Amino acid sequence: MALTDGALVAGRYQVERRLGGGNFGDVYRVREMQNGVPLRTLALKVMKNQDEAVFGSARGNDVAAEYASMVAATEAAPPELRRHFIQVYAMGDDPDAGRYMAMEYLSGADTLEKVIKRNAAAGYHPPASLVLRYGRQLLAALSVLHGANLVHCDIKPDNLYVQGETLRVGDFGLTARTSGFLTDSQGAGQIYYMAPEVFSRQLSAASDVYSAGLTLYELWTNTHPFTGEEDGPNPSARQMQLRDNWAYVPGQSVHPMVDASPLLDEVIATCLQRSLHRRYRDAAAALQALDAPPAVPAKASPDRARLDALVRAGDDACAAGDPAKAVDHFAAALQLDAQKAVLMHSRDARVEIYKKIISACRAAGKPSYAALYERKLKALP
C-alpha cells in the first residue's frame with residue numbers, strides 16, 4: 001500500500017511525496033526528522049510485501065549482515081570510487097510500512113533509463129566514448145562490491161543515475177553475499193537484465209557482469225535485445241525463447257548508425273556470454289579489459305596473405321560472372337592450404353571454401369569437379 005504524504009516511517013522519516021516505484025518497492029522523498037526538527041532530505045525505498053521471498057525468512061538474518069557489509073565496503077572505498085554509489089544511511093523495519101532503506105537524495109539526477117528513452121525519442125545515439133566512460137564508472141563501482149564478496153543483483157538502467165558526467169549506482173535492496181564462484185540465490189533482479197544462470201538459482205559476480213553488459217548495450221544502441229512485457233517474477237516461454245535465441249555477435253549486433261568501437265564491442269560480447277565460465281569472472285576483470293591497450297594485430301605470414309588474396313580473387317570472379325576463373329582461384333587456395341597445413345586455423349574456414357568452389361563448379365558447367373569437391377568436403381576430418 002502506498003504511503004500518504006505526511007506519513008511518518010520509523011518515527012523518523014516524514015513522507016513528502018512519492019518519486020516512483022516498481023516490482024520491488026516504492027521510493028519516496030522524505031525529510032529526516034529529529035525531535036520534530038527537519039534535518040535533511042532523503043530518498044526512502046519501502047519494499048513491497050511480495051518481497052518476503054527475498055527479504056524475509058528465506059534469507060533469515062542475512063539481509064542485515066549483507067547491508068552492513070555493503071555499507072562498510074562503500075565507505076572504505078577511495079573517494080573517486082565512493083562517488084559512484086548512492087549512499088545508504090539506514091535500513092530497518094516499520095510495523096506499518098514494512099522494510100525500508102534510507103538513501104541519499106539526488107537532486108537534478110536522471111536515471112539512465114530516462115536518458116536512454118530521451119535518446120531513443122530524439123534518434124540520438126551516444127558516442128562510444130560516452131558509453132565507455134559510463135561503463136568504466138559502473139564496473140569500477142561493482143568491483144568494490146565484488147571485492148567484498150557482494151553481488152548487487154539488480155543492475156539495470158533504472159537503478160543507475162546520471163549526475164553531470166558521473167554515473168552512480170543505487171538500489172542495494174537485493175545485494176547478496178557470495179562465497180566462492182557460485183552460491184544459491186533466492187531470486188534477484190528484473191528478468192530482462194538477469195543472467196541466464198540466475199534462472200537456475202545460481203548467482204555470482206559474473207551475474208552482475210552480464211547485467212552490466214546488457215545495460216551498456218542498451219545505452220549504446222537505445223534498444224534492448226529482449227522484447228515483450230514483463231509478466232511477473234517468472235519469465236514466459238516466449239521471453240525465455242528470445243533469450244535462448246539471441247547471441248551477441250561483435251560487429252553485427254548493433255545498429256549501423258551506432259558509433260563504432262571494436263573495444264566496446266568485444267567487451268560487451270564477453271559480458272554477454274551465456275556461459276558464466278566464458279564471461280568475465282567479476283567487474284574488475286571486465287574493467288581491466290576495458291582499460292587494456294588496443295591489441296596490435298599480428299602480421300599475416302606471406303603464405304596466409306597469398307591464400308586470402310586467392311579467396312578474394314575467387315569471390316571477385318564469382319561477382320563478375322566468371323565462375324570458371326573462380327574455380328581456379330579457390331582450387332589454388334585449397335592446394336596452398338593443403339601444402340602448408342596450418343594456414344586455415346579452423347575446419348569451418350575450409351568448409352566455407354569448399355562450398356564456394358562446389359558452387360562455382362556447378363555454375364561453370366563442371367558437375368564432375370563439383371562431385372569431386374563434395375567428396376573431399378565429406379572426408380574432411
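Colleague: Leaving aside neighbours within four places in sequence, which residues is Asp94 in contact with?
Modeller: With those neighbours set aside, Asp94 is in contact with Val9, Ala10 and Tyr100; contact means heavy atoms within 4.5 Å. Please note that this is a predicted model, in which local features need pLDDT of at least 70, side-chain atom pairs count only at pLDDT 80 or more, and totals for chains, interfaces and linings use all residues. Residues are numbered from 1 along each chain as its sequence is written, and side-chain values use heavy atoms, with hydrogens and water left out.

Colleague: Where is Asp94 found?
Modeller: Asp94 is in strand β5, residues 88–94. Strands (E, at least two residues) and helices (H or I, at least four) are DSSP runs, numbered from the N terminus.

Colleague: And what is the nearest side chain of opposite charge to Asp94?
Modeller: That is Arg12, 11 Å away, and Asp94 has no salt bridge although it is buried. For charge, Lys and Arg count as positive and Asp and Glu as negative, while His and the chain ends are not counted. A salt bridge is a side-chain nitrogen of Lys or Arg within 4 Å of a carboxyl oxygen of Asp or Glu. Buried means under 20% relative accessible area, exposed means over 50%, and partly exposed lies in between (1.4 Å probe, protein chains only).

Colleague: Which backbone nitrogen does the Asp94 side chain reach, then?
Modeller: The Asp94 side chain reaches the backbone nitrogen of Ala10, at 2.7 Å.

Colleague: Back to Arg12: which residues are linked with it in a network of salt bridges?
Modeller: The network links Arg12 with Glu32 and Arg40. In the salt bridge between Glu32 and Arg12, the closest N and O atoms are 2.6 Å apart. That pair links distant parts of the chain, since Glu32 is in strand β3 and Arg12 in the loop between β1 (8–9) and β2 (13–21), 20 residues apart.

Colleague: Glu32: buried or exposed?
Modeller: Glu32 counts as buried, because its relative accessibility is 3%. Arg12, by contrast, is partly exposed, with a relative accessible area of 38%.

Colleague: How many salt bridges does a search of the whole structure find?
Modeller: The search finds 13. One of the others joins Asp315 and Lys356, with the closest N and O atoms 3.2 Å apart. Asp315 lies in helix α10 (residues 302–319) and Lys356 in helix α12 (residues 347–363), so this salt bridge ties together parts that are 41 residues apart in sequence. Asp315 is partly exposed at 31% relative accessible area, and Lys356 is partly exposed at 24%.

Colleague: Changing topic, how many residues does the largest nonpolar core have?
Modeller: The largest nonpolar core has 68 residues, and those with the most contacts inside it are Leu112, Leu138, Trp220, Tyr248 and Ile268. Helix α5 (residues 128–147) contributes the largest share of this core, 12 residues. Such a core is a set of buried Ala, Val, Leu, Ile, Met, Phe, Trp, Tyr and Cys residues joined through side-chain atoms within 4.5 Å. In soluble globular proteins, nonpolar side chains tend to be buried together.

Colleague: What is Leu138 in contact with, beyond four places in sequence?
Modeller: Leu138 is in contact with Ile155, Leu160, Leu167, Val169 and Ala212. Apart from the largest core lies another, of 21 residues, among them Ala317, Ala326, Val351 and Tyr354.

Colleague: Why is helix α8 described as largely enclosed?
Modeller: Seven of the 10 residues of α8 (residues 262–271) are buried, so the rest of the structure largely encloses this helix. The buried residues are Leu264, Asp265, Val267, Ile268, Ala269, Thr270 and Cys271. Their cover includes α5, α6 (205–221) and α9 (283–291).

Colleague: On cysteines, how many disulfides does the count come to?
Modeller: The count is zero, where a disulfide is a pair of cysteine sulfur atoms within 2.5 Å. For Cys361, the nearest cysteine sulfur is that of Cys318, 10.0 Å away. Cys361 is buried at 0% relative accessible area, and Cys271 is buried at 1%.

Colleague: Finally, what is phi of Asn35 near?
Modeller: Phi of Asn35 is near 55 degrees, a positive value in a residue other than glycine. Asn35 is in the loop between β3 (25–34) and β4 (37–47), and is exposed at 78% relative accessible area. Cys153 also has a positive phi, near 80 degrees. Cys153 lies in the loop between β8 (150–151) and β9 (160–163), and is buried at 8%.

Key. A polar contact is a pair of N or O atoms within 3.5 Å; within protein, one must be able to donate a hydrogen and the other to accept it, and residues adjacent in sequence count only if both atoms are side-chain atoms.
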